[in-house]
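Here are some comments to read with the structure open beside you, taken point by point. Please locate each residue on the display before moving to the next point.

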Amino acid sequence: MSAPNRSNTNPPSFLLMGIPDLEVFHEWISIPFCVTYIMALLGNTLVLLAVVLDRSLHEPMYCFIAMLAVIDLILSTAIVPKMLGVFWLDLKETGFESCFIQMFFTHTFTAAESGVLLAMSLDRYVAICHPLRYSTILTSPRAIWAGLLSLARGVGIMIPLMCLLTSLPYCSSRVIPHSYCEHMAVVGLACADTATSHRYSLSMATLLVGTDCAFITFSYCMILRAVLRLPSHRARLKALGTCGSHAFVIIIFYIGGLLSMYLQMFARTSAPHVQVLVADFYLTVPPMLNPLIYGIKVKQIQEGICKLLRQLAGPRSS
């Protein structure tokens, strides 16, 4: 028997359900997602402009924060507008190619964010454990290269996965039980053996998260070791304060990601709407919280944002 023709089996488009079993509440559910998206856009744009326009913030630590802001802007924009279109206007249809493009951007920049968080932890390690060598080890060009390598790693992981997924025939259904083109939800529509794509995605996710978490944990163990050796209590608090905001961002990112992945892998243990809501909040809440955390906890970023706002308000007041 000859293999099926993919052009005949693949649908021209998919249909996004939104939140399964909660369709009647879509308009109410959309409110927090709309608010978080607006706050993510405003907060990350302010952080990015503050770092770019203020020359005193052209240092590795702040370059990484600016990279995180760019990633969060892309992630939010890749997910939330289409989600709100489903919730508000019932625009459930999404093109076959558009669906995989959204998936590519979502997972590529999630992987890039993990890489940037790793680079930030190494930055804090060098700053606290080797302060005299910090300016020679970490420079702004090297920080930019670290960000580009994080993005390249995400692209390198996703290209083979996209080739595997787009080569599958999708002929069982057009309906994606999700509010965006989530990887596992789309693969579930394939009418062919998906074992290869499952093994690849699971192994790559385990390798990426495992490696990054291992290095981040090592960095913070060395940081704690160095901090505990400091002579004064005030010096210890100051040293810990410089990486407290970063540690909080890491906890939110990885705990949310692991929880979402666990619910998707063991789908029978939770209701479909719980899986979708956790996945949606994982991709929308951190981009809103990250600029708030850095804007409040990092004094230099806070001062940079205030300076930017004064410059924007200056022409009007004059």
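1. Helix H9 gives the largest share of the lining of the largest pocket, namely 8 residues. This is a predicted model, and every point below should be read with that in mind. The lining as a whole is made up of 30 residues, and those that lie nearest the centre of the pocket are His-107, His-183, Ser-201, Ala-205 and Met-261. The elements that contribute two or more residues to this lining are helix H4 (96-129), helix H6 (140-166), helix H7 (183-187), helix H8 (195-228), helix H9 (233-265) and helix H10 (272-297).

2. The space in the largest pocket comes to about 810 Å³. When the residues of its lining are sorted by kind, 19 are nonpolar, 10 are polar and 1 is charged.

3. For the second largest pocket, the space is about 370 Å³, and 18 residues form the lining, with Cys-63, Ala-66, Met-67, Val-70 and Gly-147 nearest the centre. Which helix gives the most to this lining? It is H3, with 6 residues, while helix H2 (26-53), H3, H4 and H6 each supply at least two. Sorted by kind, the residues of this second lining are 15 nonpolar, 3 polar and no charged.

4. The largest nonpolar core holds 83 residues, and the members that touch the most others are Phe-100, Leu-165, Tyr-170, Ile-176 and Ile-301. Helix H3, which spans residues 60-89, gives the most to this core, with 17 residues. If neighbours within four places in sequence are left aside, Phe-100 is in contact with Phe-14, Met-162, Leu-165, Thr-166, Tyr-170 and Val-186, and I suggest tracing these partners one at a time.

5. Phe-14, one of the partners of Phe-100, is found in strand S1, which covers residues 13-16. Is Phe-14 buried or exposed? Its relative accessible area is 0%, so Phe-14 counts as buried, the cut-off for that term being under 20%. Again leaving aside neighbours within four places in sequence, the contacts of Phe-14 include Lys-92, Glu-93, Thr-94, Phe-96, Cys-99 and Phe-100, and further along the chain they also include Tyr-170, Ser-173, Arg-174, Ile-176 and Leu-189. By contrast with these contacts, Phe-14 and Ser-270, which are 256 residues apart along the chain, have C-alpha atoms separated by 24 Å.

6. Two aspartates deserve a careful look at the backbone. Asp-21, in the loop between S1 and H2, has a positive phi of about 75° although it is not a glycine. Asp-90, in the loop between H3 and strand S2 (93-95), likewise is not a glycine and has a positive phi, here of about 60°. The relative accessible area is 55% for Asp-21 and 52% for Asp-90; because exposed means over 50%, both residues are classed as exposed.

7. Tyr-200 is found in helix H8, and with a relative accessibility of 18% Tyr-200 counts as buried. Not counting residues up to four places away in sequence, Tyr-200 touches Gly-156, Ile-157, Pro-160, Leu-161 and Leu-164. The C-alpha atoms of Tyr-200 and Ser-98, which are 102 residues apart along the chain, are separated by 22 Å.

8. Ser-167 has its place in the loop between H6 and strand S3 (175-176). Its relative accessibility is 41%, so Ser-167 counts as partly exposed, a class that runs between the 20% and 50% cut-offs. Although Ser-167 and Asn-10 are 157 residues apart along the chain, their C-alpha atoms are separated by 9.9 Å.

9. The last point concerns an annotation taken from a record. An unreviewed UniProt entry marks residues 29-53, 60-80, 100-122, 143-168, 207-228 and 240-263 as "transmembrane region". In the model, residues 29-53 are 100% helix and 0% strand, with the end C-alpha atoms 37 Å apart. Residues 207-228 are also 100% helix and 0% strand, and there the end C-alpha atoms lie 31 Å apart.

Key. Residues numbered from 1 in each chain as written. Predicted model: local features only at pLDDT ≥ 70, side-chain atom pairs only at ≥ 80, totals over all residues. Heavy atoms only, no water. Core = buried A, V, L, I, M, F, W, Y, C linked by side-chain atoms within 4.5 Å. Buried < 20%, exposed > 50% of the residue type's maximum accessible area, 1.4 Å probe, protein only. Helix = DSSP H or I, 4+ residues; strand = E, 2+ residues; numbered from the N terminus. Contact = heavy atoms within 4.5 Å. 1 Å grid on protein atoms, 1.4 Å probe; cavity = no way out; pocket = protein on both sides within 12 Å on 5 of 7 lines; lining within 4 Å. Points joined across faces, edges and corners; volume = space filled by probe spheres on them. Nonpolar A, V, L, I, M, F, W, Y, C, P; charged D, E, K, R; others polar. UniProt positions renumbered as here; feature names shortened; annotations may be inferred.
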